[in-house]
Amino acid sequence: MNRRGMRTVEVDENRRELSPHGTLMLPLQINHDDQYLEEYRVAQGLALLQQGEMSVTEIALHCGFSNAGRFSAAFCRRMHCTPREYLSRCRSGPA
């Protein structure tokens, strides 16, 4: 385990970390792979939000985010609203 309490694994000669939830965590570098990964995780989160069976925190952890705040920030970058605002809009239906 590293100093943040995450297990380190080797993948393609690059260090990768597993969160306490067993989700692969990538290093903090902004590149196309990171943008793709964020897009993928947010899309996963969006699908789970639409199902309505999990809380925002549960979704964030399930999709590989370290906490709900980081998920909300990524969601907002992609969807231009927070997960809770998105849920409110879905529940109220089309205007």
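## An aromatic cluster

Phe65, Phe71, Phe75 and Tyr86 form a cluster linked by ring pairs. The model is predicted. Across the whole structure, a search returns four aromatic pairs. Phe65 also has a charged partner: the charged end of Arg41 sits over the Phe65 ring, 5.8 Å from the ring centre.

## The nonpolar core

The cluster residues turn up again in the largest nonpolar core, which has 16 residues. Leu49, Ile59, Phe65, Phe71, Phe75 and Tyr86 touch the most other members. Four elements each give two or more residues to this core: helix 1 (32–51), helix 2, helix 3 (68–79) and helix 4 (83–92).

What does Phe75 touch, beyond residues up to four places away in sequence? The list is Val42, Leu46, Leu49, His80, Cys81, Thr82, Pro83 and Tyr86. Two of these come up again below: His80 and Cys81.

## Ala60 in helix 2

Ala60 lies in helix 2. Is Ala60 buried or exposed? Its relative accessibility is 0%, so Ala60 counts as buried. With neighbours within four places in sequence set aside, Ala60 is in contact with Phe65, Asn67, Ala68 and Phe71. Phe65 and Phe71 are also members of the aromatic cluster.

Ser72 is twelve residues from Ala60 along the chain. The C-alpha atoms of Ala60 and Ser72 are 8.1 Å apart.

## His80 in the loop

The loop between helix 3 and helix 4 holds His80. His80 is not a glycine, yet its phi is positive, at about 65 degrees. The relative accessibility of His80 is 67%, so His80 counts as exposed. His80 is still one of the residues that Phe75 touches.

## Cysteines

How many disulfides does a search of the whole structure find? The result is zero. Take Cys76. The closest cysteine sulfur belongs to Cys81 and lies 6.8 Å from the sulfur of Cys76, so the two are too far apart for a bond. The cut-off for a disulfide is 2.5 Å between sulfur atoms.

Burial is a separate matter. Cys63 has a relative accessible area of 2%, so Cys63 is buried. Cys76 has a relative accessible area of 32%, so Cys76 is partly exposed.

## Fold and contacts

The chain has four helices and three strands. Along the sequence, the pattern is β-β-β-α-α-α-α. Of the 95 residues in the chain, 34% are buried.

Contacts with a separation of 6 or more can be split by range. Residues 24 or more positions apart account for 27% of these contacts.

## Confidence

The mean pLDDT of the chain is 77, and 64% of the residues score at least 70. Where does confidence peak, and where is it lowest? It is highest in helix 2 (residues 56–62), at 97. Strand 1 (residues 7–11) is lowest, at a mean of 45. Ala60 belongs to helix 2.

Residues 6–19 stay under a pLDDT of 50. The model nevertheless has 38 contacts beyond four places in sequence for this stretch. Where pLDDT is low, the predicted coordinates should not be read in detail.

Terms used
Residues numbered from 1 in each chain as written. Predicted model: local features only at pLDDT ≥ 70, side-chain atom pairs only at ≥ 80, totals over all residues. Heavy atoms only, no water. pLDDT = per-residue confidence, 0-100. Contact = heavy atoms within 4.5 Å. Phe/Tyr/Trp six-rings, centres within 6.5 Å; stacked < 30°, edge-to-face > 60°. Lys NZ or Arg CZ within 6 Å of the ring centre and 35° of its normal. Buried < 20%, exposed > 50% of the residue type's maximum accessible area, 1.4 Å probe, protein only. Core = buried A, V, L, I, M, F, W, Y, C linked by side-chain atoms within 4.5 Å.
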